[in-house]
Amino acid sequence: MTNPGHNPDHTDSRETPRHKTPLWVKGFLIAAAVLVVAFAVLHLSGGGMVMNHTP
């Protein structure tokens, strides 16, 4: 018996359908993670966004 080839529309009953995340969503999540990490580093190091304006 020959294999007719891979059909991307056919899903086997054992397989779950795979949904691909759009590239812009991945980019947004990476950018958000970088901003959160940068904010945490600035906050923990004592610099940045200081609310005290007295000399």
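**Exercise 1.** Which residue just after H1 takes a positive phi?

*Solution.* Keep in mind that you're working with a predicted model. Go to the end of H1, which covers residues 23-45. Step just past the helix and you land on Gly46, whose phi is positive, at about 90°.

**Exercise 2.** Work out what span the 23 residues of helix H1 should have, and check it against the model.

*Solution.* First, take the rise of 1.5 Å a residue; the expected span is that rise times one less than the number of residues. For H1 this gives 33 Å. Next, look at the C-alpha atoms at the two ends of H1: they sit 33 Å apart, so expectation and model agree.

**Exercise 3.** Decide whether H1 is tucked away or lies largely in the open.

*Solution.* Start with the whole chain: it has one helix and zero strands, and 0% of its 55 residues count as buried. Now zoom in on H1. The number of buried residues among its 23 is zero, so the helix lies largely in the open.

**Exercise 4.** Find out whether Leu29 is buried or exposed, and which patch it belongs to.

*Solution.* Leu29 is part of helix H1. Its relative accessible area is 51%, and the cut-off for exposed is over 50%, so Leu29 counts as exposed. Together with Trp24 and Phe28, Leu29 makes a nonpolar surface patch of about 430 Å². For the chain overall, about 5900 Å² is exposed, with 66% of that supplied by carbon and sulfur atoms.

Notes: Residues are numbered from 1 along each chain as its sequence is written. This is a predicted model: local features need pLDDT of at least 70, side-chain atom pairs count only at pLDDT 80 or more; totals for chains, interfaces and linings use all residues. Side-chain values use heavy atoms; hydrogens and water are left out. Helices (H or I, at least four residues) and strands (E, at least two) are DSSP runs, numbered from the N terminus. Buried means under 20% relative accessible area, exposed over 50%, partly exposed in between (1.4 Å probe, protein chains only). Patches are made of residues with over 30% relative accessible area and no salt bridge: like charges are joined within 9 Å, nonpolar side chains (Val, Leu, Ile, Met, Phe, Trp, Tyr) within 5 Å. Accessible areas come from the Shrake-Rupley method with a 1.4 Å probe; for residues, only the protein chains shown count as cover. A salt bridge is a side-chain nitrogen of Lys or Arg within 4 Å of a carboxyl oxygen of Asp or Glu.
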